[in-house]
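Trainee: I'm new to this one and I'd like to zoom in on a single part. Could you walk me through how the helices pack there?

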Amino acid sequence: MKTIFAESVPGRSSGFFESTAPSAAQMLPAGLLRACPPCLPECSELDVVRHFTRLSHLNYSVDANFYPLGSCTMKYNPKFTEYAAGLPGFARLHPLLAQLGRGAAQAQGALRCLYETERLLCEITGMEAFTFQPMAGANGEFAGVSLMVAYHRAKGRKRSKMLIPDSAHGTNPASAALAGLEVVNIESREGMVAPEVLAASIAEYGDNIVGLMMTCPNTLGLMELHLPAIVAELRKIDALLYYDGANMNAILGKMRVGDVGFDVVHLNLHKTFATPHGGGGPGSGPVGVNGRLLPFLPVPRVAMGKDGGFFLDSNLPLSIGAIGPFYGSFSVVVKALAYMLRLGGEGLERVAEYAVLNANYLKKRLEDTLDIPFERPCAHEFVASAPEGLRALDIAKALLDRGFHAPTVYFPLIVRECLMAEPTETESKQTLDAYVDVLREIVEQGRKDPASLTAAPLSMPVRRLDETAAARRMALTEDM
């Protein structure tokens, strides 16, 4: 794909209106002016519009394609939330206004949005308080782990080990390691955390355990059936239980994680609460805590005064300190609030119902096409293995040629030739049926002529890449 510089023609420019306003050169000191013009492409407005429109057509997006990435919840984002976030009172608000002198009085609407979103998230999760400071899901994981560490330090403990199941979300080990902890793998049995395996780790590491990080339902798409026993084992050593919110879509309105024993949770607003996902951001990973961890939350936090007004409160002496701006990704929070208010309690429950229904429908229809390792009903996603003799990667590449994004491949690592699909609640039966038909066609083609799949994709801007080399030696030139 050509870069915009390849469209450049010397002397060409876009049209402009004459202005009587001073130029930048007239307003800036001479010492700040360039000695020579910047190296920019010389293009007409039409050249620029066509170039970037062509680029946009090369992208897969939820607005144009079915995007069944497992554990990523790439669901449709309703456009009314963009309208809400774009209202002038939100979009034009200076980010530091509430922290400057009497600025909080002029930012009451924004502070109220943060406060009300926190209260709704507390109601949904069973937590006591939230912080919006984490700017992404993984950032939320790091913040949550840091809160767990702070809890033990406040009790005079220097614990250093975090238990993480092999069926947990993929970023959990990295987040624990970044917080300075040593990861202890918990091997799953029948796709779940077994209390006896957990008890064995507790017996081995005892009072050196910070806690357990769980994804529930887990990354295999299975609900953990032993939560009461797991919570009881952790409580024996005062270890904490962390909930990874990546799969909250499956239990929204159905299970409050605080009620079943989780101490801390991060949410992905860009997954569960229908704010844009992908493309590098903006993300949002608010973290909720129960009363045990509340004293350690980042500050400042939005609080309500006795007069009903909102202010920033930093009165948490044991706080882990700021890890981002107090408002986090504010526009994302506004979109999430609009989404929750529009759907209401019953609507949020239907999100989980339809997500689980779609996943089980897709799983059932693919039982004779892919190898399904677990016979139990799944939650909002499920894992499958490519049929014997075929590779998950080849199936994924062939899907691209047929207008569908591939599911997640080769994760979790404990499933052979893994394909992990999450259809989300926003996809129709017709879309799921079309996806099934295409997968059946690909598998049949692979059985008859395995080599033909290894050539896919054939219709993409680039063919099969050496993905390791592409990541390490990225080429963005016009002849890429």
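Mentor: Let's go straight to helix 11 (residues 392–401) and helix 12 (residues 429–448), whose axes come within 10 Å and cross at roughly 125 degrees. That angle makes helix 11 oblique to helix 12. Bear in mind that this is a predicted model. As for handedness, helix 11 passes helix 12 in a right-handed crossing.

Now look at who touches whom. From helix 11 come I395, A398 and L399, and they meet Y435, V438, L439, I442 and V443 in helix 12. Sort the residues of this contact by type and you get eight nonpolar, no polar and no charged.

Helix 12 has another partner to check out, helix 10 (residues 330–365). Here the axes are 10 Å apart, and the two helices pack at an angle of about 30 degrees. Angles under 35 degrees count as roughly parallel, so helix 10 is roughly parallel to helix 12. This crossing is right-handed too: that's how helix 10 passes helix 12.

On the helix 10 side, the contact is made by N358, Y361, L362 and R365. On the helix 12 side, they meet K429, L432, D433, Y435, V436, D437 and R440. The mix in this contact is five nonpolar, one polar and five charged. Keep an eye on Y435 in helix 12: it is listed among the residues meeting helix 11, and also among those meeting helix 10.

While you have helix 10 on screen, find F273, which sits in the loop between strand 6 (264–266) and strand 7 (287–289). Is F273 buried or exposed? It is buried, with a relative accessible area of 0%. Leaving aside its neighbours within four places in sequence, F273 is in contact with L121, I124, L252, L267, N268, A336, Y339 and M340. F273 and K75 are 198 residues apart in sequence, yet 9.6 Å apart in space, C-alpha to C-alpha.

For another view of packing, try helix 8 (residues 195–205), where P195, V197, L198, S201 and I202 are buried. Seen down the axis of helix 8, these buried residues fall within an arc of 165 degrees, so they line one face of the helix. They pack against strand 2 (161–165), strand 3 (182–186), strand 4 (209–215) and helix 9 (227–235). Turned away from that buried side is the face carrying the exposed residues A203 and E204. Right after helix 8 comes G206, whose phi is positive, near 50 degrees.

Key
Residues are numbered from 1 along each chain as its sequence is written. This is a predicted model: local features need pLDDT of at least 70, side-chain atom pairs count only at pLDDT 80 or more; totals for chains, interfaces and linings use all residues. Side-chain values use heavy atoms; hydrogens and water are left out. Buried means under 20% relative accessible area, exposed over 50%, partly exposed in between (1.4 Å probe, protein chains only). Helices (H or I, at least four residues) and strands (E, at least two) are DSSP runs, numbered from the N terminus. The arc is that of the directions from the helix axis to the C-beta atoms. Contact means heavy atoms within 4.5 Å. Axes are lines fitted to C-alpha atoms, for helices over the stretch in contact, and angles run from 0 to 180 degrees between N-to-C directions. Angles under 35 degrees count as roughly parallel, over 145 as roughly antiparallel, 65 to 115 as roughly perpendicular and the rest as oblique. A crossing is left-handed if the near helix is turned anticlockwise from the far one by less than a right angle, and right-handed if clockwise. Ala, Val, Leu, Ile, Met, Phe, Trp, Tyr, Cys and Pro count as nonpolar, Asp, Glu, Lys and Arg as charged, and the others, Gly among them, as polar.
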